[in-house]
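Please find below a colleague's note on the model under review. The points are set out in numbered form for ease of reference.

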Amino acid sequence: MISPFEFVLPTKIRYGAGMLTVLGEELQILKAKKVMVITDKGLVKTGMVNKLSGLLGAEKIEFTVYDEIGANPKDYEVEACTQRAKEEAVDTLIAFGGGSPIDAAKAVAVLAIQEGKAKDYRGINKVQGDCLPLITIPTTAGTGSEITFSSVITDTQEKFKFTIKSASIAAKTALVDPELTVTVPPLITAATGIDALTHAIEGYTANCTEPIAEAAGLYAVEFIASNVVEAVKNGENLEARDKMMMGSLLAGLSFSHADVGSVHCMAESMGGVYDAPHGMCNAILLPYVMEYNLPYAEYKYARVARAMGITEHNDRRAAARGIELIKKLVKEIGLPGIRSLGVNPGDFEMLAEMSFQNGSNSSNPRPMTKEDYLLLFNRAYDSDHSTNKQ
Ligand SMILES: [Fe+2]
């Protein structure tokens, strides 16, 4: 029997090449009077924020731009952005960028109306009451944050990442336009693409998953695995970008309704301590966690492998070949090993403890102790024979 579950998706999705142009229409539906665009400086430099501003200007919508959000959004960035949103009395937010501006905007949506700091809303369903309406416009195919209920913020004092997970912080509308990703550089395409693949695999295999999340995750694996190399090597290929964008969205749908697992527990620990790029951390850890989980997830990993094009009837062999294929993919798209991120083995005890304490630890298909995490950090480190050692 299928275990009882609930499936809520409060976000309207408008998907397709050129979809950015319906922004004015969506703002009218939300009755927006004054809008804040939350983004980052990198996107300003590319001229994409100018393009968005042009659209808002043409629609005669009053707006302000906040571009101070960095990678791995920090608590103080969220607070400063909230302060500005209050000062400027904005009534609607637009998150424009990768996962960082989108996650930051979700936290700002709460704090602009409700009391306290981002950390006060840490955990599941801690956000009650109103939030500012939010439109998300992703410019990378990776986080799926445009439709998830999660916001991952770094506590800079304690050096750890915490998650606010509540349907209340989900965007009202996600405008998902693959054309926005054609200029994303190869390394970011690679890192965000493997983040999406990790969401798909972890969402599909999480202990708490359900059939809708499983279906979305497994289909996402197919989209991502067959297009990530082309998207990295030939970024102008809109067909590949399209499939990556849809893969990322489906993967987001999967993990936000199920959960992530140990790859994210470990990646978030590394992100919190070293400010290391999230997608790269996932890419490094994914094969090691899958190898470790294999006895507990053989059937599902075999299906993941088949979704990646492996034709092997025996589940154990198919799963093992799938893990090898992921290792090959990660290498082929130029992602570095763990040593290149400046990781210090002396920190592994602490990182293992943080991974164990992560809220998603219990969702991993294999029950994990602190010692298990320690073993995996060491395994990833010892297996990294890259020339890029520090
Ligand atoms: Fe992720």
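The points below concern a predicted model, and they address a sheet and then a pair of helices.

1. The sheet is open and consists of six strands, arranged in the order S1-S9-S6-S4-S2-S3 with parallel pairing. At its edges lie strand S1 (12–15) and strand S3 (62–66), each of which pairs on one side only. From one strand to the next, the twist averages 20 degrees.

2. As general background, the strands of a sheet pair through backbone hydrogen bonds, in either a parallel or an antiparallel manner. In this model, edge strand S1 pairs with strand S9 (residues 173–176) in the parallel sense, over four bridges. Within this pairing, Arg14 has Leu175 of S9 as its bridge partner.

3. Turning to the helices, H11 (residues 278–293) packs with H15 (residues 370–382) at an angle of about 125 degrees, and their axes are 10 Å apart. Because of this angle, H11 is classed as oblique to H15. The crossing of the two helices is right-handed.

4. Which residues make the contact between H11 and H15? On the H11 side they are Ile284, Leu285, Tyr288, Val289 and Tyr292. H15 contributes Leu376, Arg379 and Ala380.

5. As to the character of that contact between H11 and H15, seven of its residues are nonpolar and one is charged, while no polar residue takes part. Tyrosine is counted as nonpolar in this division, a convention to bear in mind for Tyr288 and Tyr292 of H11.

How values were computed: Residues numbered from 1 in each chain as written. Predicted model: local features only at pLDDT ≥ 70, side-chain atom pairs only at ≥ 80, totals over all residues. Axes fitted to C-alpha atoms, helices over the stretch in contact; angles between N-to-C directions. Parallel < 35°, antiparallel > 145°, perpendicular 65-115°, else oblique. Left-handed = near helix turned anticlockwise from the far one by under 90°. Contact = placed C-beta atoms within 7 Å. Pairing = 2+ DSSP bridges.
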